[in-house]
Structure formats: structure tokens, C-alpha cells
2 protein chains.
Amino acid sequence: MTARAFVPGHVTGLFSVHPDDDPVVAGSRGAGLALSEGVTVPADPVAGPDDREVRLNGERVGMAAVTGVLDRLDVDARVVADTDLPVSAGFGVSGACALGTALAVDAATDGGHTERELVAAAHAGEVAAGTGLGDVVGQARGGVPIRLEPGAPPAGYLDGLPARPAVEYVTFGGLDTAAVIGGDTDALTRAGEDALAALRESPTVETFLGASRRFARRADLLTDEVEAAIEDVRAVGGEAAMAMLGQSVFALDDGLSRAGYDARSCRTSEGATLVEE
Amino acid sequence: MTARAFVPGHVTGLFSVHPDDDPVVAGSRGAGLALSEGVTVPADPVAGPDDREVRLNGERVGMAAVTGVLDRLDVDARVVADTDLPVSAGFGVSGACALGTALAVDAATDGGHTERELVAAAHAGEVAAGTGLGDVVGQARGGVPIRLEPGAPPAGYLDGLPARPAVEYVTFGGLDTAAVIGGDTDALTRAGEDALAALRESPTVETFLGASRRFARRADLLTDEVEAAIEDVRAVGGEAAMAMLGQSVFALDDGLSRAGYDARSCRTSEGATLVEE
């Protein structure tokens, strides 16, 4: 039996890094936004580990976050993910593949796990692979997730903003997530904790965008193109911020288009879910 | 400004009662299912308490769960809820009105609350009104929610089944929620805790339906028509259970239709959300 999951894309605007020996507990605090543009992940069980196969947009790929999930759930499967999102550019594609794999293989094998167990397996797979720290829990929740405590449930704890804004995004290329979150993150984490405190003080989408801009500047993550695009959106009265971790910008409503960018538009999405066949 | 929320209906299959002086902390453990058939709740701020108005399907109603939410959020509004669900029959309409009011009035007034704060206000409004103990947190989460710890966040704690089954339902009339949950609930709560333990042992939709049937029998809540309908669905190989608290039955897939009932069909729904205008 094949089962299929849809996992929204996810942009993080601000975050802090919280390592732990246990990849279920390790993670990030921060805030982001789940996108109606996402990743569709069908999974078919296969006979054994030699038959495992992971494809992204048709290409066979090695994706440690996905194989980590298969190992944790003790399942062998063929996973064929498809997305229109930019890959390795801050849109949470690896987290989506991990979470979609967990949901789809559990359904395809009548695995009998709960949602929190599957989120924990996907989060741990992603963290152990070094490709993300908080996308999975945000993608599971959907909306505008605020990661108050790092890690997957039961350690992790999220709230969210009730707003469901329209969103645009543009990318100028990738950033090496593993290099940033694997390096010295003390200054980044101080900036991220301050930004999260500001958002908790005034939990609105506008504060989220503003705190994200301050975070990107203080954490020294802005590239020239990203900084220019954010300024251009601000110049036409819009709200924009950098998508962590990519050379990417997301904006509310049609802010990027109004600033003259060839942007993609989507909506804020609910969380990941199995798709009825 | 008007804002509009959509809140899914919610059927509870099994539950236990956990009173507390604080209505945010009081609630139920249990399990249910969020329905794509739900309640649309637009809210308009008004000048003062004398201008408050609550309508359900066009009729002016006194709904203590809704006015309790307005009191808790310190807002005056006109709330005009519409639904195709049966009212007072175990589909969570009062909880949906409470949660929809919280989401919509916060958006309409730029209230700046987080999702968890709005869920807590709605849950407390519903519990204080005596019209429900767990619908609101299930409706906020969506899917097939399992209420592991009673109350609203941060006290309440939910997990869920990842399945998203198609659902049918039929109702033969109401039950007096306040009379059941306001009376002696010791035997009901023992039955509910046992049923939840069985579900946690084997977290599948089939276990949920089976544990719900045993719960309804042990808690002595079955009416003749409900019992007959469940047996009829079982006789055609289907899965069905009683919707708490109403003289209502829900079934997986087309179980009720196949058993000859004139049932309504819907899908398992994601959680409550603001609707973009």
C-alpha cells in the first residue's frame, strides 16, 4: 500500500540554537511561517534496506534526514518527494521530506504511531542529519508557529500567531545550514533569544517580521541581495524578512511584487497531514 | 473590521471528567475526531456590552460559552455563527462558537493574543458555561485528537492519530450535556480512563472506535436508537460509535449509508483557523 503526506514549506525568521546529545531534545527556539507551497511525499514499503530509494523531484538523492527517519521507525521504503519550493534555500524541504516520510510510511505499514511520535522521529532524523533544528515541529503545527521550547514533543513546546497572512518569497541561492548551525552559535543565539522575547512581548505578525530583520542583522546572516530586497519591500511600505537559512526573502501579501521582484506567492498553511487517496 | 473563523465540528467517542475550580484547568481526557463540517463564525466589534448580539443560524441565542469568551477577552462584539451541523447533539457546536468567537474577535480588534491564549479563553468559556469539557482543545488541534491531560494549554496536553478517515454521521436528537457532566461522573470517568488506556496501548482508528463503543456501554450512555445504529453498521462490516454527548452516531467511511441510514458524510478536518477574506 502507498500512502501520501503533504507537508507545508516553512520559513524561519528568527531562531536560537539549543544543542543536546539527544536529537529529539536538541533543537531551536524561534518563529516561522508554514507555507501552502510544500512537499508531497508518497512512500511505498519495500522488502529490505537494499531496496530503499529516496527521490526528490525525480532525482535520486542521499537525504540523511529521510534515511534517519526510516531507521528510527525501522521501516524500509521508497520515498518519492516532489516540490515546487526552492531546495536548500531556507524553505524547510529537508524537514518536509523527513516529516512526510514519517507520516506516509507509518500509514503505509499500519505502523500505529501517534502524531507526536512521528514528529519526534522526523525531528530527530533532521537534527541528526544536521540539516535543520526547528522546521519539522513548525511544519507539523502549521500556521505561524512560535517555538517556545526546543526539541520535539514532549520536550518541545510551541504556540502560534492566529494570523494567516498571504505570503510571497524569492530566493537568490542557498546557505550552508550545517556550517551555520554547526559553528559558533553564541552570538546568533543571543540575538535569537532577544528577538523571541520581543515577539512574545507583542505577538503580532508585524513584530515577527521586525524582530526577524533585527535578528538577521545582529546574527550577521544578511547577504547583499537579501538586504537589498528587504529594503526594497520596506520602501514600498511592505513587510519582509530573511528566510533562515537561505539567501531568501519572504514578505507579507504582495510586498515583493510591489517592489518589482519576480516573486512566488502562496498562503499561510495548516500543518502537515496525510492526503486521502 | 469583520474577521471570520472556521471551526471544525468535533465528536468525542470516549472521555473522563476532571473538574477544577479554574475553568482553564478543568476539562476531560479522551479522544475524538474533528469534522470538515463545522461552524463559520464572523465577529464584528460593537460599541459596548448593550450592543452585544449572538446569533446561530440566524436566530438570536443566549450562548454563555460565547459571552464568557467576550468577557474573558474584554471585547464587545456581534457574533453571527452559521452551521449545517446538528445543534446540541454531540457535534461540538457550542465549543466551535466559543473558539470561533475568540479567533475572530481577536483578529477583528488586533487583540494580539497567541493561539494558545485564545484556545484557553474559549475552553474556559465553554467549561464555565457547562456545555463542554474537551471539544475546544480538540477543535483547535484538528485531526483525530487524543486529550492526554485535561484543560487548555499549558495544563492540557494533546496527541493525535495521524489518520484522516472519511466520516459519516446521523443524529436522533440531543442529550443534556450539563446534566451528564454535572452529575455523578465517577463510573463514567473510570470507563473513560480505561478506554483511553486501551487507545494509548494501540493508537489506531479501529481501537478508537472499539474503545468508544465499550465506553458508551460501560458509562450507560447508549440509547436504543444509537445502539441499534451502531449494531447495524457493525453488521455490514463497518466501524461506528456514539458521539458524546448526543443521541448521535459517527461511522468511518460510508458505514452508515451501507447500513441503510440517511447519513451525512464529511472528512476529518484540520484545526480551527481564521479565514482569509
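These legends go with a set of close-up views of a predicted two-chain model. Residues are numbered from 1 along each chain as its sequence is written, and chains are lettered from A and ligands numbered from 1 in the order in which they are written. As the model is predicted, local features need pLDDT of at least 70 and side-chain atom pairs count only at pLDDT 80 or more, while totals for chains, interfaces and linings use all residues; side-chain values use heavy atoms, with hydrogens and water left out.

**View 1. Chain A as a whole.**
Chain A carries 9 helices and 12 strands (DSSP runs numbered from the N terminus: H or I of at least four residues for helices, E of at least two for strands). Its radius of gyration, taken over C-alpha atoms, is 18 Å, close to the 19 Å from the globule rule for 277 residues, so chain A is as compact as a globular protein of that length. That rule is 2.2 Å times the number of residues to the power 0.38. The C-alpha trace spans about 55 × 35 × 30 Å along its principal axes. Of the 277 residues, 60% are buried (buried is under 20% relative accessible area, exposed over 50%, partly exposed in between; 1.4 Å probe, protein chains only). Take the contacts (heavy atoms within 4.5 Å) with a separation of 6 or more: 74% of them in chain A are between residues 24 or more positions apart.

**View 2. Around the rotation axis.**
A turn of 180 degrees with a shift of 0.0 Å along the axis lays chain A on chain B, with an RMSD of 0.0 Å. That is the relation of a two-fold axis. The superposition is by least squares on the C-alpha atoms of residues with pLDDT of at least 70 in both copies. Look for A:Glu270 here: of the residues of chain A, its C-alpha comes closest to the axis, at 3.6 Å. Both copies use the same surface, and 100% of the contact residues of chain A recur in chain B.

**View 3. B:Phe208 and its neighbours.**
B:Phe208 lies in helix H7 (residues 205-218) of chain B and is buried, at a relative accessible area of 0%. Leaving aside residues up to four places away in sequence, B:Phe208 touches residues including B:Gly13, B:Leu14, B:Val144, B:Leu199 and B:Phe250. As for B:Pro150, it sits 58 residues from B:Phe208 in sequence and 18 Å away in space, C-alpha to C-alpha.

**View 4. B:His123 in helix H3.**
Helix H3 (residues 115-129) of chain B holds B:His123, which is buried at 1% relative accessibility. Among the residues that B:His123 touches, not counting those up to four places away in sequence, are B:Pro23, B:Val24, B:Leu133, B:Val137 and B:Gly151.

**View 5. A cis peptide bond in each chain.**
Most peptide bonds are trans. Even so, a cis bond joins A:Met244 and A:Leu245, with omega about 0 degrees. A:Leu245 is in the loop between strand S9 (240-243) and strand S10 (246-252) of chain A. In chain B, a cis bond joins B:Met244 and B:Leu245, again with omega about 0 degrees.

**View 6. Asp110 and its positive phi.**
Most residues other than glycine have a negative phi. A:Asp110, not a glycine, has a positive phi of about 50 degrees. A:Asp110 lies in the loop between helix H2 (93-108) and helix H3 (115-129) of chain A, and is exposed with a relative accessible area of 69%. Over in chain B, B:Asp110 also has a positive phi of about 50 degrees and counts as exposed at 68% relative accessibility.
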